[in-house]
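Me: Please pick one residue in this structure and take a close look at it. Then work outward from there, in short steps I can follow on the screen.

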Amino acid sequence: MAGKEAMIPLLTPYEMGKFNLSHSYFDCRIVLAPLTRCRSYNNVPQPHAVLYYTQRATNGGFLISEATGVASTAQGYQDIPGIWTKEQVKAWKPIVEAVHEKGAIFFCQICHAGRASNYAFQPDGVAPISCTDKGLTPGLDGQDWSPPRRLRTNEILSFINDFRLAACNAIEAGFDGVEIHGAYGYLIEQFMKDQVNDRTDQYGGSLENRCRFALEVVEAVVNEIGPDKVGIRLSPYSKGMEAGDSNPEALGLYMANALNKFGIVYLHVIQQRGKAIKINDKYETPYSLLPMRKAFKGTFIVAGGYNSEDGNMAIASNYADLVAFGRLFLANPDLPRRLELNAPLNRYDETTFYLSDPVIGYTDYPFLEP
(Lines give C-alpha, C1' and ligand atoms only; values in the text may rest on other atoms or scores of the structure.)
Protein backbone atom coordinates (compact mmCIF):
# COMPACT_ATOMS: atom_id res chain seq x y z
CA MET A 1 0.00 0.00 0.00
CA ALA A 2 2.89 2.38 0.69
CA GLY A 3 3.86 2.22 -2.96
CA LYS A 4 0.37 3.13 -4.06
CA GLU A 5 0.24 6.04 -1.63
CA ALA A 6 3.51 7.34 -3.04
CA MET A 7 2.05 7.23 -6.55
CA ILE A 8 -1.33 8.77 -5.64
CA PRO A 9 -0.93 12.07 -3.75
CA LEU A 10 -4.67 12.27 -3.02
CA LEU A 11 -4.35 9.04 -1.06
CA THR A 12 -1.69 10.17 1.39
CA PRO A 13 -2.00 10.86 5.14
CA TYR A 14 -3.14 14.22 6.46
CA GLU A 15 -4.14 15.66 9.82
CA MET A 16 -6.53 18.61 9.73
CA GLY A 17 -6.19 20.13 13.17
CA LYS A 18 -7.36 17.41 15.56
CA PHE A 19 -8.90 15.35 12.75
CA ASN A 20 -6.95 12.49 11.19
CA LEU A 21 -8.27 12.08 7.64
CA SER A 22 -8.31 8.66 6.01
CA HIS A 23 -10.80 6.67 3.95
CA SER A 24 -11.20 3.12 5.23
CA TYR A 25 -7.98 1.20 4.68
CA PHE A 26 -6.05 4.01 2.99
CA ASP A 27 -5.36 7.62 3.86
CA CYS A 28 -7.02 10.28 1.78
CA ARG A 29 -7.14 14.00 1.08
CA ILE A 30 -10.49 13.85 -0.73
CA VAL A 31 -13.33 15.97 0.71
CA LEU A 32 -17.04 15.81 -0.09
CA ALA A 33 -17.78 19.38 -1.17
CA PRO A 34 -20.98 21.07 0.02
CA LEU A 35 -23.65 20.36 -2.60
CA THR A 36 -27.11 21.90 -2.68
CA ARG A 37 -29.63 19.07 -3.15
CA CYS A 38 -33.08 20.68 -2.58
CA ARG A 39 -34.54 17.64 -0.85
CA SER A 40 -35.16 19.01 2.66
CA TYR A 41 -38.91 19.53 2.47
CA ASN A 42 -40.12 22.65 4.27
CA ASN A 43 -36.47 23.35 5.17
CA VAL A 44 -36.30 20.29 7.45
CA PRO A 45 -33.66 17.61 6.77
CA GLN A 46 -35.30 14.33 5.78
CA PRO A 47 -34.59 10.67 6.63
CA HIS A 48 -33.46 9.99 3.04
CA ALA A 49 -30.44 12.20 3.71
CA VAL A 50 -29.13 9.45 6.00
CA LEU A 51 -28.52 7.18 3.02
CA TYR A 52 -27.15 9.96 0.83
CA TYR A 53 -24.47 11.03 3.30
CA THR A 54 -23.59 7.57 4.60
CA GLN A 55 -23.08 6.36 1.03
CA ARG A 56 -20.24 8.88 0.82
CA ALA A 57 -18.93 8.39 4.36
CA THR A 58 -15.99 6.17 5.24
CA ASN A 59 -13.81 5.78 8.29
CA GLY A 60 -11.84 9.02 8.59
CA GLY A 61 -13.48 10.65 5.58
CA PHE A 62 -14.36 14.35 5.63
CA LEU A 63 -17.82 15.47 4.54
CA ILE A 64 -19.22 19.01 4.34
CA SER A 65 -23.00 19.28 4.36
CA GLU A 66 -25.11 21.09 1.80
CA ALA A 67 -25.64 24.81 2.45
CA THR A 68 -27.84 25.10 5.53
CA GLY A 69 -29.78 28.23 6.38
CA VAL A 70 -28.97 30.11 9.59
CA ALA A 71 -32.34 31.85 9.93
CA SER A 72 -35.81 32.12 8.44
CA THR A 73 -34.52 35.02 6.31
CA ALA A 74 -31.63 32.96 4.94
CA GLN A 75 -33.35 30.78 2.34
CA GLY A 76 -32.86 31.35 -1.37
CA TYR A 77 -34.16 28.15 -2.95
CA GLN A 78 -36.91 25.61 -2.42
CA ASP A 79 -36.36 22.87 0.17
CA ILE A 80 -32.95 23.94 1.43
CA PRO A 81 -32.24 22.64 4.97
CA GLY A 82 -32.02 24.97 7.91
CA ILE A 83 -30.58 24.77 11.41
CA TRP A 84 -32.31 27.61 13.25
CA THR A 85 -35.20 25.65 14.85
CA LYS A 86 -35.34 22.80 17.36
CA GLU A 87 -37.18 20.69 14.77
CA GLN A 88 -34.33 21.12 12.29
CA VAL A 89 -31.68 20.30 14.90
CA LYS A 90 -33.60 17.17 15.88
CA ALA A 91 -33.89 16.15 12.21
CA TRP A 92 -30.16 16.56 11.62
CA LYS A 93 -29.20 14.36 14.60
CA PRO A 94 -29.86 10.91 13.07
CA ILE A 95 -28.12 11.99 9.85
CA VAL A 96 -25.02 13.09 11.73
CA GLU A 97 -25.09 10.00 13.95
CA ALA A 98 -25.23 7.73 10.90
CA VAL A 99 -22.24 9.49 9.33
CA HIS A 100 -20.31 9.16 12.58
CA GLU A 101 -21.14 5.46 12.76
CA LYS A 102 -19.24 5.12 9.49
CA GLY A 103 -16.30 6.85 11.18
CA ALA A 104 -16.45 10.04 9.09
CA ILE A 105 -15.95 13.68 10.10
CA PHE A 106 -18.93 15.90 9.32
CA PHE A 107 -19.04 19.72 9.17
CA CYS A 108 -22.25 21.70 8.58
CA GLN A 109 -22.02 24.51 6.05
CA ILE A 110 -23.98 27.45 7.49
CA CYS A 111 -25.28 29.99 5.01
CA HIS A 112 -27.40 33.08 4.40
CA ALA A 113 -28.50 33.73 0.83
CA GLY A 114 -28.91 37.48 1.27
CA ARG A 115 -30.29 39.08 -1.89
CA ALA A 116 -30.22 35.73 -3.75
CA SER A 117 -33.80 35.09 -2.70
CA ASN A 118 -37.36 36.20 -3.31
CA TYR A 119 -40.46 37.16 -1.38
CA ALA A 120 -41.82 33.59 -1.39
CA PHE A 121 -38.89 32.32 0.69
CA GLN A 122 -39.01 35.15 3.22
CA PRO A 123 -41.05 35.29 6.43
CA ASP A 124 -44.31 37.16 5.81
CA GLY A 125 -43.23 37.73 2.19
CA VAL A 126 -40.91 40.62 3.05
CA ALA A 127 -37.94 41.70 0.93
CA PRO A 128 -34.70 39.71 1.20
CA ILE A 129 -31.91 41.48 3.07
CA SER A 130 -28.46 42.42 1.83
CA CYS A 131 -25.68 44.97 2.20
CA THR A 132 -27.32 46.81 -0.69
CA ASP A 133 -30.70 47.53 -2.24
CA LYS A 134 -29.38 46.61 -5.69
CA GLY A 135 -31.17 43.51 -6.90
CA LEU A 136 -30.05 40.62 -9.08
CA THR A 137 -30.97 40.62 -12.75
CA PRO A 138 -34.42 39.01 -13.09
CA GLY A 139 -34.16 35.53 -14.51
CA LEU A 140 -30.51 35.07 -13.54
CA ASP A 141 -29.89 31.39 -12.80
CA GLY A 142 -33.49 30.76 -13.82
CA GLN A 143 -34.82 32.31 -10.62
CA ASP A 144 -37.36 35.04 -9.89
CA TRP A 145 -35.26 37.24 -7.64
CA SER A 146 -36.90 39.97 -5.56
CA PRO A 147 -35.33 43.38 -4.87
CA PRO A 148 -33.46 43.31 -1.52
CA ARG A 149 -33.62 45.65 1.43
CA ARG A 150 -30.39 47.31 2.53
CA LEU A 151 -29.57 46.45 6.14
CA ARG A 152 -29.25 49.36 8.51
CA THR A 153 -25.97 49.49 10.41
CA ASN A 154 -27.69 48.81 13.72
CA GLU A 155 -29.31 45.64 12.32
CA ILE A 156 -26.13 43.91 11.25
CA LEU A 157 -25.22 42.51 14.65
CA SER A 158 -28.43 40.46 14.76
CA PHE A 159 -27.49 38.73 11.50
CA ILE A 160 -24.01 37.99 12.81
CA ASN A 161 -25.77 36.48 15.80
CA ASP A 162 -27.79 34.23 13.45
CA PHE A 163 -24.53 32.60 12.35
CA ARG A 164 -23.41 32.21 15.97
CA LEU A 165 -26.66 30.52 16.98
CA ALA A 166 -26.59 28.28 13.89
CA ALA A 167 -23.08 27.15 14.82
CA CYS A 168 -24.25 26.39 18.34
CA ASN A 169 -27.18 24.40 16.94
CA ALA A 170 -24.88 22.49 14.59
CA ILE A 171 -22.77 21.33 17.52
CA GLU A 172 -25.95 20.37 19.40
CA ALA A 173 -26.98 18.31 16.36
CA GLY A 174 -23.67 16.46 16.64
CA PHE A 175 -21.66 17.99 13.81
CA ASP A 176 -17.90 18.10 14.32
CA GLY A 177 -17.78 21.72 13.21
CA VAL A 178 -19.14 24.29 10.77
CA GLU A 179 -18.07 25.79 7.49
CA ILE A 180 -19.12 29.43 7.13
CA HIS A 181 -20.38 30.00 3.58
CA GLY A 182 -18.62 33.14 2.34
CA ALA A 183 -18.77 32.31 -1.37
CA TYR A 184 -20.97 32.15 -4.49
CA GLY A 185 -22.47 35.63 -4.14
CA TYR A 186 -24.46 34.94 -0.98
CA LEU A 187 -24.76 37.36 1.94
CA ILE A 188 -21.22 37.29 3.31
CA GLU A 189 -19.70 37.64 -0.14
CA GLN A 190 -22.18 40.39 -1.00
CA PHE A 191 -20.56 42.44 1.75
CA MET A 192 -17.02 41.58 0.59
CA LYS A 193 -17.30 42.33 -3.13
CA ASP A 194 -17.08 45.94 -4.33
CA GLN A 195 -19.36 45.32 -7.32
CA VAL A 196 -22.19 44.63 -4.87
CA ASN A 197 -21.37 46.53 -1.69
CA ASP A 198 -22.17 50.21 -2.13
CA ARG A 199 -22.36 51.10 1.55
CA THR A 200 -20.83 54.23 3.07
CA ASP A 201 -20.75 53.11 6.71
CA GLN A 202 -18.08 50.98 8.46
CA TYR A 203 -19.20 47.95 6.43
CA GLY A 204 -18.54 49.51 3.04
CA GLY A 205 -15.98 51.36 0.99
CA SER A 206 -12.47 50.15 1.77
CA LEU A 207 -11.41 46.51 1.50
CA GLU A 208 -11.07 46.32 5.27
CA ASN A 209 -14.59 47.67 5.77
CA ARG A 210 -16.11 45.33 3.18
CA CYS A 211 -14.52 42.33 4.89
CA ARG A 212 -15.63 43.45 8.35
CA PHE A 213 -18.94 41.57 8.27
CA ALA A 214 -17.28 38.28 7.24
CA LEU A 215 -14.62 38.56 9.93
CA GLU A 216 -17.14 39.50 12.62
CA VAL A 217 -19.14 36.40 11.69
CA VAL A 218 -16.00 34.29 12.01
CA GLU A 219 -15.16 35.87 15.36
CA ALA A 220 -18.66 35.25 16.73
CA VAL A 221 -18.68 31.62 15.61
CA VAL A 222 -15.16 30.97 16.92
CA ASN A 223 -16.07 32.48 20.28
CA GLU A 224 -19.14 30.23 20.41
CA ILE A 225 -17.74 26.82 19.42
CA GLY A 226 -13.93 27.18 19.27
CA PRO A 227 -11.54 27.71 16.34
CA ASP A 228 -10.77 24.01 15.94
CA LYS A 229 -14.36 23.47 14.79
CA VAL A 230 -14.55 26.33 12.25
CA GLY A 231 -13.74 26.61 8.55
CA ILE A 232 -14.80 29.10 5.91
CA ARG A 233 -15.42 28.90 2.18
CA LEU A 234 -14.49 31.82 -0.09
CA SER A 235 -14.59 32.48 -3.84
CA PRO A 236 -12.71 35.76 -4.47
CA TYR A 237 -12.41 35.20 -8.23
CA SER A 238 -16.02 34.18 -8.78
CA LYS A 239 -18.59 36.49 -10.33
CA GLY A 240 -21.47 34.24 -9.38
CA MET A 241 -24.74 35.94 -8.49
CA GLU A 242 -23.29 39.11 -10.06
CA ALA A 243 -20.85 39.40 -7.14
CA GLY A 244 -17.57 40.34 -8.74
CA ASP A 245 -14.72 42.35 -7.32
CA SER A 246 -12.33 44.80 -8.99
CA ASN A 247 -9.30 43.27 -7.25
CA PRO A 248 -9.97 39.64 -6.30
CA GLU A 249 -6.27 38.94 -5.67
CA ALA A 250 -6.15 41.62 -2.96
CA LEU A 251 -9.46 40.46 -1.49
CA GLY A 252 -8.37 36.84 -1.24
CA LEU A 253 -4.98 37.66 0.24
CA TYR A 254 -6.43 40.09 2.77
CA MET A 255 -8.93 37.48 3.98
CA ALA A 256 -6.30 34.72 4.16
CA ASN A 257 -4.11 36.89 6.37
CA ALA A 258 -6.96 38.26 8.48
CA LEU A 259 -8.34 34.79 9.21
CA ASN A 260 -5.05 33.70 10.77
CA LYS A 261 -5.71 35.68 13.94
CA PHE A 262 -8.75 33.49 14.70
CA GLY A 263 -6.86 30.20 14.32
CA ILE A 264 -9.64 28.50 12.38
CA VAL A 265 -8.95 24.97 11.22
CA TYR A 266 -9.31 25.48 7.47
CA LEU A 267 -9.80 27.84 4.56
CA HIS A 268 -11.73 26.37 1.63
CA VAL A 269 -11.40 28.32 -1.63
CA ILE A 270 -13.23 27.87 -4.91
CA GLN A 271 -10.81 28.30 -7.77
CA GLN A 272 -11.84 30.07 -10.93
CA ARG A 273 -10.53 27.54 -13.41
CA GLY A 274 -9.00 29.22 -16.45
CA LYS A 275 -7.00 27.96 -19.36
CA ALA A 276 -3.30 27.93 -18.55
CA ILE A 277 -1.26 30.67 -20.19
CA LYS A 278 2.49 30.99 -20.65
CA ILE A 279 4.06 33.15 -17.94
CA ASN A 280 7.86 33.39 -17.65
CA ASP A 281 8.27 30.27 -19.81
CA LYS A 282 5.86 28.33 -17.59
CA TYR A 283 2.22 27.51 -18.15
CA GLU A 284 0.14 28.78 -15.24
CA THR A 285 -3.50 29.51 -14.55
CA PRO A 286 -4.22 33.28 -14.38
CA TYR A 287 -6.26 32.70 -11.22
CA SER A 288 -3.69 31.20 -8.86
CA LEU A 289 -4.59 30.62 -5.23
CA LEU A 290 -0.94 30.19 -4.29
CA PRO A 291 -0.64 33.59 -2.52
CA MET A 292 -3.63 32.70 -0.34
CA ARG A 293 -2.26 29.23 0.26
CA LYS A 294 1.10 30.63 1.42
CA ALA A 295 -0.52 33.26 3.63
CA PHE A 296 -3.01 31.07 5.48
CA LYS A 297 -1.54 29.09 8.38
CA GLY A 298 -4.22 26.38 8.68
CA THR A 299 -5.42 23.66 6.33
CA PHE A 300 -5.98 24.89 2.78
CA ILE A 301 -8.71 23.22 0.72
CA VAL A 302 -9.28 23.87 -2.99
CA ALA A 303 -12.36 23.19 -5.10
CA GLY A 304 -13.56 24.02 -8.57
CA GLY A 305 -14.11 21.24 -11.09
CA TYR A 306 -11.05 19.24 -10.09
CA ASN A 307 -10.58 15.76 -11.51
CA SER A 308 -8.23 13.11 -10.13
CA GLU A 309 -5.28 14.30 -12.24
CA ASP A 310 -5.73 17.94 -11.18
CA GLY A 311 -6.24 16.91 -7.57
CA ASN A 312 -3.12 14.78 -7.48
CA MET A 313 -1.12 17.62 -9.01
CA ALA A 314 -2.47 20.11 -6.44
CA ILE A 315 -1.38 17.87 -3.56
CA ALA A 316 1.95 16.84 -5.09
CA SER A 317 2.96 20.47 -5.76
CA ASN A 318 1.85 21.60 -2.26
CA TYR A 319 -0.72 23.89 -3.86
CA ALA A 320 -3.30 22.58 -1.39
CA ASP A 321 -3.65 20.24 1.58
CA LEU A 322 -7.02 18.81 0.58
CA VAL A 323 -9.19 18.80 -2.55
CA ALA A 324 -12.98 19.04 -2.41
CA PHE A 325 -14.89 17.13 -5.07
CA GLY A 326 -18.50 17.99 -5.83
CA ARG A 327 -20.10 16.53 -8.92
CA LEU A 328 -17.68 13.62 -9.13
CA PHE A 329 -18.43 12.66 -5.53
CA LEU A 330 -22.15 13.10 -6.12
CA ALA A 331 -22.07 10.64 -9.04
CA ASN A 332 -19.51 8.32 -7.42
CA PRO A 333 -20.37 7.70 -3.77
CA ASP A 334 -17.29 5.45 -3.57
CA LEU A 335 -15.00 8.03 -5.21
CA PRO A 336 -11.92 7.41 -3.00
CA ARG A 337 -12.02 3.68 -3.79
CA ARG A 338 -12.44 4.33 -7.51
CA LEU A 339 -9.43 6.66 -7.53
CA GLU A 340 -7.38 4.15 -5.54
CA LEU A 341 -8.19 1.43 -8.08
CA ASN A 342 -8.07 3.77 -11.09
CA ALA A 343 -11.58 2.53 -11.87
CA PRO A 344 -14.00 4.16 -14.36
CA LEU A 345 -16.19 6.94 -12.98
CA ASN A 346 -19.96 7.26 -13.25
CA ARG A 347 -21.12 10.27 -15.23
CA TYR A 348 -23.24 12.77 -13.38
CA ASP A 349 -26.66 13.81 -14.68
CA GLU A 350 -27.15 17.57 -14.27
CA THR A 351 -30.88 17.30 -14.96
CA THR A 352 -31.35 15.46 -11.65
CA PHE A 353 -29.16 17.61 -9.40
CA TYR A 354 -32.02 19.63 -7.90
CA LEU A 355 -34.99 17.31 -8.21
CA SER A 356 -37.10 16.92 -5.09
CA ASP A 357 -37.14 13.15 -5.57
CA PRO A 358 -35.65 11.30 -2.54
CA VAL A 359 -33.91 8.73 -4.76
CA ILE A 360 -33.42 9.78 -8.39
CA GLY A 361 -30.15 11.66 -8.86
CA TYR A 362 -29.59 11.40 -5.12
CA THR A 363 -28.96 7.88 -3.83
CA ASP A 364 -29.23 5.83 -7.03
CA TYR A 365 -25.68 6.24 -8.41
CA PRO A 366 -24.04 2.76 -8.52
CA PHE A 367 -21.07 1.58 -6.50
CA LEU A 368 -18.24 -0.55 -7.83
CA GLU A 369 -18.86 -4.26 -7.56
CA PRO A 370 -17.20 -5.77 -4.44
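Reply: Start with Met-292. Leaving aside residues up to four places away in sequence, Met-292 touches Leu-234, Pro-236, Gly-252, Leu-253, Ala-256, Leu-267, Val-269 and Phe-300. Keep in mind that this is a predicted model.

Where is Met-292? It sits in helix H9, residues 290-295. Its relative accessibility is 4%. That is under the 20% cut-off, so Met-292 counts as buried. Now look at Leu-253, one of the residues Met-292 touches. Along the chain, Leu-253 and Met-292 are 39 residues apart. In space, their C-alpha atoms are separated by 5.2 Å.

Follow the contacts into the strands. Leu-234 is on the contact list of Met-292, and Leu-234 belongs to strand S11, residues 230-234. S11 is mostly covered, with five of its five residues buried. Check both faces. On one side are Val-230, Ile-232 and Leu-234, and on the other are Gly-231 and Arg-233. All of these are buried, so both faces of S11 are covered.

S11 has strand partners. It pairs with strand S10, residues 177-182, in the parallel sense over five bridges. Here Leu-234 turns up again: Gly-182 stands opposite Leu-234. S11 also pairs with strand S12, residues 266-270. That pairing is parallel too, over four bridges. In it, Arg-233 stands opposite His-268 of S12.

How does the chain get from S11 to S12? Helix H8, residues 248-259, belongs to the connection: S11, H8 and S12 make a right-handed β-α-β unit. Met-292 touches this unit in several places, including Leu-234, Leu-253 and Leu-267.

Move on to Phe-300, another contact of Met-292. Phe-300 is in strand S15, which spans residues 299-303. S15 is mostly covered: five of its five residues are buried. Thr-299, Ile-301 and Ala-303 point one way from the strand. Phe-300 and Val-302 point the other way, and all are buried.

S15 runs parallel to S12, joined by five bridges. The bridge partner of His-268 in S15 is Ile-301. Recall that His-268 also stands opposite Arg-233 in S11. Ile-301 stands opposite Leu-322 in strand S16. S16 covers residues 322-325, and S15 and S16 pair in the parallel sense over two bridges. Helix H10, residues 308-316, joins the picture here: S15, H10 and S16 make a right-handed β-α-β unit.

Now leave Met-292 and compare other parts of the model. Salt bridges come next. The count comes to 13. Asp-133 and Arg-150 form one of them, with 3.2 Å from N to O. This pair links distant parts of the chain, 17 residues apart. Asp-133 is in the loop between strand S8 (129-130) and strand S9 (149-150), while Arg-150 is in S9. Asp-133, at 45% relative accessibility, is partly exposed. Arg-150, at 30%, is partly exposed as well.

Another bridge joins Arg-164 and Glu-224, at 2.8 Å from N to O. Arg-164 lies in helix H4 (residues 156-172) and Glu-224 in helix H7 (residues 212-225), so the bridge ties together parts 60 residues apart in sequence. Arg-164 is partly exposed at 24%, and Glu-224 is partly exposed at 30%.

Arg-199 and Asp-201 also meet in a salt bridge, at 2.8 Å from N to O. Both of these residues are buried. Elsewhere, Lys-18, Asp-228 and Lys-229 are linked in a salt-bridge network.

Finish with the surface and a histidine. Leu-355, Val-359 and Ile-360 make a nonpolar surface patch of about 220 Å². Val-359 lies in the segment after helix H12 (335-341). It is partly exposed, with a relative accessible area of 41%. His-48 lies in helix H2, residues 48-55. Buried or exposed, is His-48? Its relative accessible area is 17%, so it counts as buried. Leaving aside residues up to four places away in sequence, His-48 touches Arg-39, Tyr-41, Pro-358, Tyr-362 and Thr-363.

Terms used:
Residues numbered from 1 in each chain as written. Predicted model: local features only at pLDDT ≥ 70, side-chain atom pairs only at ≥ 80, totals over all residues. Heavy atoms only, no water. Buried < 20%, exposed > 50% of the residue type's maximum accessible area, 1.4 Å probe, protein only. Pairing = 2+ DSSP bridges. Right-handed = clockwise from strand over helix to strand, strands pointing away. Contact = heavy atoms within 4.5 Å. Patch = residues over 30% accessible without salt bridge, like charges linked within 9 Å, V, L, I, M, F, W, Y side chains within 5 Å. Areas by Shrake-Rupley, 256 points an atom, 1.4 Å probe, with all protein chains shown as cover. Salt bridge = Lys/Arg side-chain N within 4 Å of Asp/Glu carboxyl O.
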